[in-house]
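Work through the three exercises below with the model open. Each task is followed by its solution.

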Amino acid sequence: PPVAQPRSVPQIHTNKATMKFSLLALSTAAALGGTDAFLAPQQPRLSSSALAGYGIGSWNKKSSPSSSGGGGAAVATRNPWDDANKANTVSKSDTFIKAPTTKKSYGLGSWNKSATPGGATSAVANAPPPAAATGGCPFHANYDAIRDELKLIMDNPSWDDGSLAPIFLRLAWHSSGTYDAATGTGGSNGAGMRFQNEAADPENAGLAPARAFLEPVKRKFPEISYSDLWILAAYVGLEVTGGPVIDFQPGRVDHPDESYWEQMTYGRLPAAEKYCCPHLDDSNVSSSLDETGKVKGWEGLCTHVRNEVFYRMGFNDQEIVALLCGGHVYGRCHPNASGYAGPWVENMTEFSNEYATDMIEDEWTLVSHGDTWLDAQGSAELRPAPGNRQFVNQKKGVTGDDPNQMMLLSDMILAWDPDFRPILEMYAEDEDKLKVDFGAAFKRLTELGCGFP
């Protein structure tokens, strides 16, 4: 699931322990400026960039307190594409560990999904590989104490929608979703996103802050591996937001360097529009639709999600629908990260079956970056980046009280595919079953390739 973004001015926490770790994490993130430099032996000095590369100030959602996840009072929505905010959506620059085996340097570059790692605009700094000790010692970690620390930092008013749970969930999902059952490569074991090649995957754009927020916990508990910490943070995030309580299996070991990448490839994570007919004309996005209202070429996208991504890992259709229904109820998309814009559901920091019910019950309109009528109707946060398409629950010329919500093309295939649709309907009717099935599927996802019994 795509990532949430920070607000421009961090707010002070009343809980001293929470404040301590929040400010430390924010300081780390500010120093990184959206980088992974904390893996180097020397920590960088603080800078004034303060996550500028991730669009600070551009993504404060216009919402009621009920939809802000406890994140404080509602704030006015900004148009992310007006001149006043362009300075807040600059291209990101990442500094990664340069492993000795790496022959080519990649930077994240801009958010644009069409950009290839080789065309990235940012330079990659030379840095020594991480010390072997970063792998942790899973047999000596106090996981109960680590859970408590994670709970302290989970609610964060300075972060988009007031919770770090969505971004931790996405970090765990994307670190695990690279698994390939045929070769046994990929998966959460190794925490490969610490290194430049895996982090440069366009589908991983915007996840550096998630890793930075967890760095203070790693410093306090160095015995836990990064691999285990990323997964445990997602489990705790699910638990504190009313999601399934998942039994944590420790023992993941971090990659000591980037040599593992020789057996890896890009394209293992799902892409939102792959194989759909190309979108060429912002002024007539409806030309992308067939006579039934589905995007032309959606069958190819469905094959990508089903066969190239989830079947590759060993999941069946019910597990696929459970993972998407449970995972996409959290957080929101941002055009300067994924290229898409807005939340899937109204209450994006609480577990529910709202994603499934809304997909079936709401009326959805296909939009592109050229649909500026969204701005005029108070829905600027739903306008995707140039070249991208998504569905929204708003209609041109019709205003109402419905909260701004969106669905990706890769979401809508659950309603369009005749095999996915009955499973979607089942979860729309039964939230308890979704919680059980999502918990089981997510545990399996995060343990693929780890060699656990």
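**Exercise 1.** Place Ile224 in this predicted model. Is Ile224 buried or exposed?

*Solution.* Start with the chain. Helix 5 covers 208-220 and helix 6 covers 226-240; Ile224 sits in the loop between them. Next, take the relative accessible area of Ile224, which is 0%. The cut-off for buried is under 20%. Ile224 is therefore buried. Last, look along the chain to His140, 84 residues away from Ile224. The C-alpha atoms of the two residues are 8.2 Å apart.

**Exercise 2.** Describe the packing of helix 7 (residues 298-313) and helix 8 (residues 317-327).

*Solution.* Two packed helices are described by the angle and the distance between their axes. Take the distance: the axes of helix 7 and helix 8 come within 11 Å. Take the angle: they cross at roughly 90 degrees. Angles of 65 to 115 degrees count as roughly perpendicular, so helix 7 is roughly perpendicular to helix 8. Now list the contact. Helix 7 supplies Arg306, Phe310 and Tyr311. Helix 8 supplies Asp317, Ile320 and Leu323. Sort these by class: four are nonpolar, two are charged and none is polar.

**Exercise 3.** Which residues of helix 12 (residues 420-429) are buried, and which helices do they pack against?

*Solution.* Pick out the buried residues: Phe420, Ile423, Leu424, Tyr427 and Ala428. Check their directions around the axis. They span an arc of only 145 degrees, so they lie on the same side of helix 12. Then find the partners. The buried residues of helix 12 pack against helix 7, helix 8, helix 9 (354-361), helix 11 (409-416) and helix 13 (431-447).

Notes: Residues numbered from 1 in each chain as written. Predicted model: local features only at pLDDT ≥ 70, side-chain atom pairs only at ≥ 80, totals over all residues. Heavy atoms only, no water. Helix = DSSP H or I, 4+ residues; strand = E, 2+ residues; numbered from the N terminus. Buried < 20%, exposed > 50% of the residue type's maximum accessible area, 1.4 Å probe, protein only. Axes fitted to C-alpha atoms, helices over the stretch in contact; angles between N-to-C directions. Parallel < 35°, antiparallel > 145°, perpendicular 65-115°, else oblique. Contact = heavy atoms within 4.5 Å. Nonpolar A, V, L, I, M, F, W, Y, C, P; charged D, E, K, R; others polar. Arc of directions from axis to C-beta.
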